[in-house]
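Visitor: I'd like to go through the reasoning behind a few structural labels. Could you show me the model?

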Amino acid sequence: MDDHSVSDILDLLACPDDGGRMVISQQHLRCTHCGKIFEIRGGIPLLYPDDLDRRHLEQEEKLGEQMQHRTPPRREESYQREWEKSKEEFWSFVREKTSSGGMTILNAGCGIDTHFLRLGEDNKIIAFDLMHGLLRTLRAAHGSPNNIAGDIHALPFRHGSVDALCCIDLIHHESGDLRRILRSFHDTLKLGGMLFLEDVNAWGVFQFWKSILLPRPAHAALRSAYHRLKGSTIQPAEYEFPTSVWRVGKLLEETGFTSVEAIPLRSYPLRTRFPAWIYRSISKNERISRYHNFHYFFFAVKR
């Protein structure tokens, strides 16, 4: 076990079940309150709560394996370019806001997105994900220094422990539990801490007719049928669903965040060029680029 990196962030960690302080004990982590033992596997603590949805974990692990080994077909080249641009837009904004350095930054639901690692030059960065396998790849192949496996529903971090929290393309996987998740983000941040939240937007220009006008069961059934007929290499999980930019913004304010701002976005990931061209034309209207992109992007502060 490599516990050096674990000791570097030990004071930030908390038991996911009762919030107790964690200590390193015989090559494991132990909660000083309830006594529960947590495995450290390959230098990565597995801080899963007792009520972890194991079926959900299995489905996410399957998706994670597909993501790691998938080679996008040529017909998706424009989609991949736009997707990469959307990530660069997000992380460029984060880098600008954290350029002063000396911050502790948590990436919740990091996957294998390596953009985040650039922030580690001047800050302490922590990669957090449900899937140990993705964190293992991020650590071994890309040098991610601090990695924690756990459940977004029970963040294993002490309240008020991080300066900035980034979350990108995660909460549509947990669309039925938004209030609880946003509350956990608020709790984890220090006073004055910054939240950077981007996710799939139900009100996107080419999406609202599916995610808003169709009943959710019909949306899920049609999406599954589409991907089966198309022979997609990655099948979306049954519980994924785009979230509403309007509802998420309102929930952030109700949770206690201030300075909640929707950030304009220019890239629009779609598998054909023509709709993306249409979006680039109409997104000159700032309201479109803030609220009707494929993604929405919120910046908020805990006061």
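Guide: Gladly! Buried means under 20% relative accessible area, exposed means over 50%, and partly exposed is in between. Please keep in mind that this is a predicted model.

Visitor: Why is Tyr-296 called buried or exposed?

Guide: Its relative accessibility is 0%, and the cut-off for buried is under 20%, so Tyr-296 counts as buried.

Visitor: What makes the pair of Tyr-296 and Phe-298 stacked, edge-to-face or tilted?

Guide: Ring centres must lie within 6.5 Å to pair, and here they are 5.6 Å apart. Planes under 30 degrees apart count as stacked and over 60 as edge-to-face; these are at 50°, so the pair is tilted.

Visitor: How many aromatic pairs does a search of the whole structure find?

Guide: The search finds 15. In one of them, the rings of Trp-83 and Phe-294 have centres 6.0 Å apart and planes at 75°, so that pair is edge-to-face. Trp-83 lies in helix α3 and Phe-294 in the loop between α10 and β11, so the pair ties together parts 211 residues apart in sequence.

Visitor: Why do Trp-83 and Phe-294 get their accessibility labels?

Guide: Trp-83 has a relative accessible area of 22%, so it is partly exposed, while Phe-294, with 13%, is buried.

Visitor: How do you know that the span of helix α3 agrees with what is expected?

Guide: At 1.5 Å a residue, its 21 residues should span 30 Å. The end C-alpha atoms are 31 Å apart, which agrees.

Terms used:
Residues numbered from 1 in each chain as written. Predicted model: local features only at pLDDT ≥ 70, side-chain atom pairs only at ≥ 80, totals over all residues. Heavy atoms only, no water. Helix = DSSP H or I, 4+ residues; strand = E, 2+ residues; numbered from the N terminus. Expected span 1.5 Å × (residues − 1). Buried < 20%, exposed > 50% of the residue type's maximum accessible area, 1.4 Å probe, protein only.
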